[in-house]
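User: I have a structure open and would like to learn how to read its features. Could you walk me through it?

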Amino acid sequence: ILAEDYFDQLAKTSSGDLRLALFQWLLGCDFEAGEGLLIRQPARPDYSALDSLSWTEAFTLKAFLDHRTLTLWEHDDIFRMPRDQSAHIFESLVNRRLIRPVGAGPVDTSPRSEGRFRIHRLLVGAVSQHLRERNIVH
């Protein structure tokens with residue numbers, strides 16, 4: 001029964017995201033606990049950065065969910081807003097570590113770069129859930 005409760009709680013705290021669940025499980029494991037393995041109860045990650053999003057930032061995250069990746073120029077076209085305003089939104093989301101550049105190796109993390117950005121992989125479930133709670137995603 002304890003195992004069932006643990007994995008139910010893990011599913012809730014990870015918002016159904018398998019990568020996040022595995023990450024939380026590994027964080028909760030104490031491999032040096034003498035005999036066997038000690039697993040601590042998963043703690044709900046702090047998603048308070050999502051609560052302070054403006055409507056434009058929230059809809060930008062929805063666009064990321066819809067398109068998977070976006071460039072600054074694509075954001076301009078989708079939202080029909082000036083480049084500076086789009087860059088400000090991207091910069092805000094990068095600073096909150098909600099979006100990150102796509103690609104391996106050294107990439108330009110500046111939102112004004114020509115690169116593509118996406119929602120951080122470990123936050124996709126939390127972002128989706130937050131947008132559902134705000135009735136932006138159904």
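**Reading salt bridges, a pocket and a helix**

Analyst: Happily! Let's begin with a charged pair: the side chains of lysine 62 and aspartate 66 meet in a salt bridge, 2.7 Å from N to O. Keep in mind that this is a predicted model.

User: What is the general idea behind such a pair, and where do lysine 62 and aspartate 66 lie?

Analyst: Side chains of opposite charge can pair when their charged atoms come close. An α-helix has 3.6 residues a turn, so residues three or four places apart point the same way. Here, lysine 62 and aspartate 66 are both in helix 4, four residues apart, or about one turn of the helix. Lysine 62 is partly exposed, at a relative accessible area of 23%.

User: How many salt bridges are there by this rule?

Analyst: The count comes to four. One of them joins the side chains of glutamate 57 and arginine 96, at 3.4 Å from N to O. Glutamate 57 sits in helix 4 and arginine 96 in the loop between helix 6 (83-95) and strand 3 (99-101), so this salt bridge ties together parts that are 39 residues apart in sequence.

User: Are glutamate 57 and arginine 96 buried or exposed?

Analyst: Buried means under 20% relative accessible area. Glutamate 57 has 8% relative accessibility, so it counts as buried. Arginine 96, at 28%, counts as partly exposed.

User: Which residue forms a salt bridge with glutamate 74?

Analyst: That is arginine 116, with the closest N and O atoms 2.9 Å apart. This pair also links distant parts of the chain: arginine 116 is in the loop between strand 3 and strand 4, while glutamate 74 is in helix 5 (residues 72-79), 42 residues away. Both count as partly exposed, arginine 116 at 33% relative accessibility and glutamate 74 at 28%.

User: Now to pockets. What is the volume of the largest pocket, and which residues line it?

Analyst: Its volume is about 300 Å³. A good habit is to look at the lining by residue type and by element. The lining residues divide into four nonpolar, two polar and five charged; among them are Asp17, Arg19, Phe64, Arg68, Arg118 and Gly125. Helix 4 (55-67), strand 4 (117-119) and helix 7 (124-133) each supply at least two residues of the lining.

User: Where does arginine 118 lie, and what is it in contact with?

Analyst: Arginine 118 lies in strand 4. With a relative accessible area of 17%, it is buried. Leaving aside neighbours within four places in sequence, its contacts are Phe64, Arg68, Thr69, Leu98, Ile99, Arg100 and Val102. Of these, Phe64, Arg68 and Thr69 also line the largest pocket, as does arginine 118.

User: Which residues of helix 7 are buried, and what covers them?

Analyst: The buried ones are Gly125, Ala126, Val127, Ser128, His130 and Leu131. Their cover includes helix 3 (48-51), helix 4 and strand 4. After helix 7 comes asparagine 135, which has a positive phi, near 60°.

User: How do I read a contact between residues far apart in sequence?

Analyst: Set the separation in sequence beside the distance in space. Threonine 56 is found in helix 4. Threonine 56 and isoleucine 89 are 33 residues apart in sequence, with 8.0 Å between their C-alpha atoms. Apart from neighbours within four places in sequence, threonine 56 is in contact with Met81 and Ile89. Threonine 56 is partly exposed, with a relative accessible area of 30%.

Technical notes
Residues are numbered from 1 along each chain as its sequence is written. This is a predicted model: local features need pLDDT of at least 70, side-chain atom pairs count only at pLDDT 80 or more; totals for chains, interfaces and linings use all residues. Side-chain values use heavy atoms; hydrogens and water are left out. On a 1 Å grid over the protein atoms alone, a cavity is a set of points where a 1.4 Å probe fits but cannot get out, and a pocket is an open set with protein on both sides within 12 Å along at least five of seven lines; lining residues have an atom within 4 Å of a point. Grid points are joined across faces, edges and corners, and a volume is the space filled by probe spheres set on the points. Ala, Val, Leu, Ile, Met, Phe, Trp, Tyr, Cys and Pro count as nonpolar, Asp, Glu, Lys and Arg as charged, and the others, Gly among them, as polar. Buried means under 20% relative accessible area, exposed over 50%, partly exposed in between (1.4 Å probe, protein chains only). Contact means heavy atoms within 4.5 Å.
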